[in-house]
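This report addresses helix packing, strand pairing and internal cavities in the model shown below.

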Amino acid sequence: MGLPPVVQLALVLVAGVGWGLLGAPIWMAPLPGLLVLGAPILASTRPASRRTLAGVAVIGALATSMAGAGAHCPLPTEGTVATLEGRFVVALRSGSAPFERADGCGTVTFVGRGDVDVGRLSVVRGTWRSGSRGPWLQGQTTASLPIPQLLRLRDRPAQLRWTSVAWRDELVERLHRLYGPRATVVTALILARKEGMDPAMREIFAATGIAHLLAISGFHVGVVAGMALSLLRIAGVGGRNAALGAGVVAWLYVALIGLPDSALRAALILTFVAMSRSRGRPPARWGALAAAAVVLLVLDPMKLTAPGFQLSFAGAAGLVAWAGPWTRFLERRLGPRVVRPLVTGLAAGCAATVATLPIVAWHFERVSLVGIPMTLIATPLVTLALPGGLLSLGLDFVSPSAATFFAGGVSVLLDLLVSLAELVARWPAANAWTSRGSVLAALVGIAVAAWIARRPGVGASGRRGLLVLYSATGIVAWPLLLDLERRGSLEVVMIDVGQGDAIAIRTPRGRWVLVDAGPPAGTPAPPGGETRAGDPRSHPVVRDLRRRGVDRLEVLYLTHPDLDHIGGAEAVLASFEVGRVVDPALPAPKMAYAAVLSAAARLGVPWSAARAGQRLEIDEVEFRVLHPREPLIDPSEANASSVVLLVSWRGFQALLTGDAYVDVERHLIDEVGDLDLLKVGHHGSDTSTDSLFLSQARPEIALISVGRRNRYGHPSPGVVGRLERAGAVVHRTDREGAIRVLVRPDGAVNIRTDRADVSPLGRDASRDRR
């Protein structure tokens with residue numbers, strides 16, 4: 001294979017960590033190392049020594065054991081009260097802050113109020129809540145613990161780290177005084193911290209492909225090291241010593257900002273390269289990058305699962321592998337008249353973008369189409385803003401007035417950067433939604449092309465052509481195959497929104513109807529505060545619909561004005577063309593409901609009240625409202641007035657019950673008859689779905705939309721048992737993720753979930769329907 005030993009070591013370590021994260025027992029730890037290195041060792045003319053194989057086994061075992069340590073952390077249950085020890089990473093400026101747990105179970109978002117000592121061992125007590133970005137703890141700080149001298153001696157490296165974190169928080173406070181509303185941007189740029197940044201601003205940088213400039217790629221460390229190297233050379237310091245000096249400055253800067261992953265990676269690479277050159281040895285092509293990966297994974301193997309870690313190393317690997325080929329390619333195409341730095345910058349942007357593209361698409365299911373040109377435009381602005389921000393921060397210690405003067409100039413650059421990003425982000429073609437299936441299809445195409453390209457007789461140009469052809473074929477063929485599969489069929493999708501409801505229905509001709517929009521997706525608010533909604537494009541319902549190619553909704557049905565059903569309606573209205581909004585028109589004094597109605601009116605979307613007997617037909621699919629009836633049973637009780645829809649197509653019947661209670665369901669028995677699909681009422685609560693209703697409806701498929709480990713205990717074991725005894729196949733979003741039911745014209749039903757596929761059923765053959 002011809003790889004340097006440190007690269008082989010990094011591959012073994014990554015394999016060991018992955019092995020451990022998959023749950024492999026500790027005694028199997030050497031196997032991933034042997035699998036990675038076995039073939040090259042056997043094929044080599046110099047067999048590996050026993051010490052090499054023993055080292056492989058030890059490293060694999062070490063990685064597996066360390067990675068498995070995090071598997072024993074229990075998942076929090078919503079609604080339970082917890083007391084945690086740990087340290088705050090930043091102050092509670094915006095009502096929330098990351099809190100790193102002392103038990104090694106990672107970092108959680110703490111929402112509350114109070115004075116905290118950043119970096120000091122503290123105790124917090126609160127209630128677990130769930131959100132679209134994971135669990136968070138709402139409560140209050142209780143104490144900052146004194147640290148015994150013995151603990152200080154044993155934990156000195158950690159204490160050094162937390163001292164730097166506390167120092168960084170003081171710098172954040174100074175930046176907030178200097179830059180006001182732009183403080184979050186300059187803090188992310190200089191100190192690699194993005195807490196408190198408006199989610200909408202994060203989405204803008206991600207949509208335009210320049211999020212890596214906010215410290216994801218270690219760009220800031222490179223600029224600082226470059227500045228130090230230039231100043232040392234101007235001062236007459238020799239090349240080797242200047243490189244070492246630049247490395248020292250980079251490390252001081254990384255320690256100053258709290259040792260974030262991306263900065264550590266960049267500083268380690270710079271250090272290894274500088275050490276190699278100082279000894280008169282050219283650095284190995286992949287040596288520095290691999291050595292940095294080994295150091296970081298030994299310190300914390302769980303970093304391998306973090307998107308930031310993956311993006312950081314993928315971008316650097318892209319530069320190592322493809323910056324040179326891209327530069328030569330662009331020089332041939334653009335000619336000698338183009339300025340060399342422009343070609344180099346464009347080549348670096350192309351190489352890093354291509355390398356990180358699969359990871360971005362996998363984690364965020366969105367790809368920026370303007371990332372390379374935006375990077376070329378934004379990089380000079382950031383390169384000027386970074387030293388200016390650092391200078392203003394340093395001057396604030398000695399001359400606050402001079403610091404304010406420099407901060408004003410930097411603010412102009414930041415305003416220009418943000419305005420440009422906001423302008424480009426508004427373009428519909430600035431980014432494209434994708435799916436993990438498309439990513440896998442493209443990677444399979446690349447793998448097939450690479451395998452064919454290795455065959456004798458295939459030249460360099462042929463290899464490049466095969467890679468482009470097969471990857472493009474995979475990307476294009478995947479959505480086409482999905483569209484062919486769905487064409488002429490009815491599709492019902494229960495979107496995984498946690499503890500809430502959102503059901504999308506696609507007609508045989510490709511038109512869409514949405515029933516409910518799930519809970520809001522935003523940054524948790526402090527007690528008594530309002531939830532911040534953020535960019536509507538980040539809402540799980542919007543993301544899911546975009547992945548499925550939705551650009552218009554014929555109807556948005558809102559079954560009732562509870563937040564877990566209408567929380568995402570504003571985001572949906574802002575993101576899609578909506579033909580009509582239909583809801584029960586309850587006199588509900590709820591801010592979220594009023595906001596949805598105001599948004600519909602502002603956008604000119606017609607609104608109407610749902611009442612029993614109303615029918616709507618779209619492409620032969622009938623939507624019939626069965627409830628509520630006039631007069632309303634109890635206008636103050638939202639669940640009792642839930643809109644109940646019967647969706648019918650060619651003999652297939654699906655009943656969507658919202659949160660309707662048992663008495664409502666019993667009134668509908670004579671109207672629904674045998675059901676093919678039942679959306680179980682009220683998330684599987686005992687208030688719905690009794691035996692009498694099931695004995696008459698006899699659903700074949702039962703779908704339950706429910707949050708993982710929710711505090712309500714949904715779904716009720718009694719409800720699940722009644723459904724199973726009635727002969728229904730039960731599917732739950734908390735266990736299976738999003739659930740997709742495809743009904744073909746011949747009556748066959750396919751059920752697919754995020755985590756498994758279910759064998760197709762013949763609607764009439766699956767059970768006797770007498």
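## Packing of α14 and α15

In this predicted model, helices α14 and α15 cross with left-handed geometry. Helix α14 covers residues 371–395 and helix α15 covers residues 400–425. Their axes lie 8 Å apart, and the packing angle is about 160 degrees. Because angles over 145 degrees count as roughly antiparallel, α14 and α15 are assigned to that class. Sorted by class, the residues in the contact of α14 with α15 comprise 22 nonpolar and three polar, with no charged residues.

## Packing of α11 and α12

The pair formed by helix α11 (residues 287–299) and helix α12 (residues 307–334) also has a left-handed crossing. The axes of α11 and α12 come within 11 Å of each other and cross at roughly 165 degrees. That angle likewise falls over the cut-off of 145 degrees, and α11 and α12 are therefore roughly antiparallel.

## The seven-stranded sheet

Seven strands make up an open sheet with mixed pairing. Their order across the sheet is β15-β16-β17-β18-β19-β20-β21. Strand β15 (615–618) forms one edge and strand β21 (729–732) the other, each pairing on one side only. Ignoring direction, neighbouring strands in this sheet are turned by 20 degrees against each other on average.

In general, the strands of a sheet pair through backbone hydrogen bonds, in either a parallel or an antiparallel sense. Within this sheet, strand β16 (residues 621–627) and strand β17 (residues 644–649) adopt the antiparallel sense, with five bridges between them. At one position of this pairing, R624 stands opposite L646 of β17.

## The internal cavity

How many cavities of 30 Å³ or more does the model contain? The count is one. The volume of the largest cavity is about 40 Å³.

The lining of the largest cavity draws on separate parts of the numbering, with D501, I503, V515, D516 and T559 listed together with L656, T657, G658 and K679. By class, this lining divides into three nonpolar, three polar and three charged residues. The nonpolar group consists of I503, V515 and L656. T559, T657 and G658 form the polar group, as Gly is counted among the polar residues. The charged group is made up of D501, D516 and K679. Charged residues thus contribute to the cavity lining, whereas the contact of α14 with α15 has none.

Note on methods:
Residues are numbered from 1 along each chain as its sequence is written. This is a predicted model: local features need pLDDT of at least 70, side-chain atom pairs count only at pLDDT 80 or more; totals for chains, interfaces and linings use all residues. Side-chain values use heavy atoms; hydrogens and water are left out. On a 1 Å grid over the protein atoms alone, a cavity is a set of points where a 1.4 Å probe fits but cannot get out, and a pocket is an open set with protein on both sides within 12 Å along at least five of seven lines; lining residues have an atom within 4 Å of a point. Grid points are joined across faces, edges and corners, and a volume is the space filled by probe spheres set on the points. Axes are lines fitted to C-alpha atoms, for helices over the stretch in contact, and angles run from 0 to 180 degrees between N-to-C directions. Helices (H or I, at least four residues) and strands (E, at least two) are DSSP runs, numbered from the N terminus. Angles under 35 degrees count as roughly parallel, over 145 as roughly antiparallel, 65 to 115 as roughly perpendicular and the rest as oblique. A crossing is left-handed if the near helix is turned anticlockwise from the far one by less than a right angle, and right-handed if clockwise. Two strands pair if DSSP finds at least two bridges between them.
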